[in-house]
Amino acid sequence: MGIVNFGLIFLNTLVLVSGQFLWKYGLMQKEVNFQNIGDIISLFLSPFIIGGLTLYGFATVLWLFILTRVPLSVAYPVQSIAYILAVFGAYFIFNEPLSTTKIAGVLLIMIGVSLIGFSSNSM
């Protein structure tokens, strides 16, 4: 897998994680209990939720393009970089706890992604 393809996957991952952050932020802005249709409609009219959905739409189109260039067995595991971005992003943006166990898990993901990335070069 070349640097351009890796860059495309990384961009796709950044867009997806950004969409998740927008959703989380939007949900934090109001109390949503999913008890009635009015709450759900109000939620979907939030600019943060709409923004997150828009990012997901863009990421989907980008992902379709990526799949024309990169084998799924390589692209999908590399996209697990999203876990790393989410853990550290949640820590810095939402002040969520960052434990030693989470850091160890992130390191294991990084090792796994590296192994997959290097193994794809031998194809």
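## An aromatic pair between H1 and H3

In this predicted model, phenylalanine 48 has a relative accessible area of 29% and is therefore partly exposed. Its ring is paired with that of tyrosine 25, and because the two centres are 4.7 Å apart while the planes stand at 75°, the pair is edge-to-face. This pair joins distant parts of the chain, since tyrosine 25 belongs to helix H1 and phenylalanine 48 to helix H3, with their positions 23 residues apart in the numbering. Tyrosine 25 also counts as partly exposed, at 36% relative accessibility.

## Overall architecture

The chain contains six helices and zero strands, and its pattern along the sequence reads α-α-α-α-α-α. The C-alpha trace spans about 55 × 35 × 20 Å along its principal axes.

Of the 123 residues in the chain, 28% count as buried, and the accessible surface comes to about 7800 Å², with 72% of that area belonging to carbon and sulfur atoms. Among the contacts with a separation of 6 or more, 72% are accounted for by residues 24 or more positions apart.

## The nonpolar core

The largest nonpolar core has eleven residues in all, namely Leu8, Ile9, Leu62, Trp63, Ile66, Val70, Val74, Ala75, Val78, Ile81 and Val113. The elements that contribute two or more residues to this core are H1, helix H3 (47–67) and helix H4 (72–78). In soluble globular proteins, nonpolar side chains tend to be buried together.

Alanine 75, one of the core residues, touches Ile9, Trp63, Ile66 and Val70 when residues up to four places away in sequence are not counted.

## The loop between H4 and H5

Two residues of the loop between H4 and H5 can be described in turn, beginning with glutamine 79, which lies in that loop and which, at 13% relative accessibility, falls under the 20% limit and so counts as buried. Not counting residues up to four places away in sequence, glutamine 79 touches Ile9, Asn12, Thr13, Leu16 and Trp63; of these, Ile9 and Trp63 are members of the largest nonpolar core.

Serine 80 lies in the loop between H4 and H5 as well, and its relative accessibility of 16% is likewise under 20%, so serine 80 counts as buried. Leaving aside neighbours within four places in sequence, serine 80 is in contact with Ile109 and Val113, and Val113 is itself listed in the largest nonpolar core. Although serine 80 and phenylalanine 10 are 70 residues apart in sequence, their C-alpha atoms are 9.7 Å apart in space.

## A nonpolar surface patch and a stacked pair on H1

On the surface, Ile3, Val4, Phe6, Phe10 and Leu14 form a nonpolar patch whose members together have about 450 Å² of accessible area. Phenylalanine 6, one of these residues, is placed in helix H1, which covers residues 3–29.

The structure holds six aromatic pairs. In one of them, the rings of phenylalanine 6 and phenylalanine 10 have their centres 6.4 Å apart and their planes at 15°, so the pair is stacked. Both residues lie in helix H1, four residues apart, which is about one turn of the helix. Phenylalanine 6 counts as partly exposed because its relative accessibility is 31%, and phenylalanine 10, with a relative accessibility of 31%, is partly exposed too.

## Asparagine 95 and glycine 112

Most residues other than glycine have a negative phi. Asparagine 95, although not a glycine, has a positive phi of about 55°. Asparagine 95 is found in the loop between helix H5 (81–94) and H6, where its relative accessibility of 65% is over the 50% limit, so this residue counts as exposed.

Glycine 112 is located in helix H6, which runs over residues 100–120. At 27% relative accessibility, glycine 112 lies between the limits of 20% and 50% and therefore counts as partly exposed. Its C-alpha atom is separated by 24 Å from that of threonine 60, a residue 52 positions away along the chain.

How values were computed. Residues numbered from 1 in each chain as written. Predicted model: local features only at pLDDT ≥ 70, side-chain atom pairs only at ≥ 80, totals over all residues. Heavy atoms only, no water. Buried < 20%, exposed > 50% of the residue type's maximum accessible area, 1.4 Å probe, protein only. Contact = heavy atoms within 4.5 Å. Areas by Shrake-Rupley, 256 points an atom, 1.4 Å probe, with all protein chains shown as cover. Patch = residues over 30% accessible without salt bridge, like charges linked within 9 Å, V, L, I, M, F, W, Y side chains within 5 Å. Salt bridge = Lys/Arg side-chain N within 4 Å of Asp/Glu carboxyl O. Core = buried A, V, L, I, M, F, W, Y, C linked by side-chain atoms within 4.5 Å. Phe/Tyr/Trp six-rings, centres within 6.5 Å; stacked < 30°, edge-to-face > 60°.
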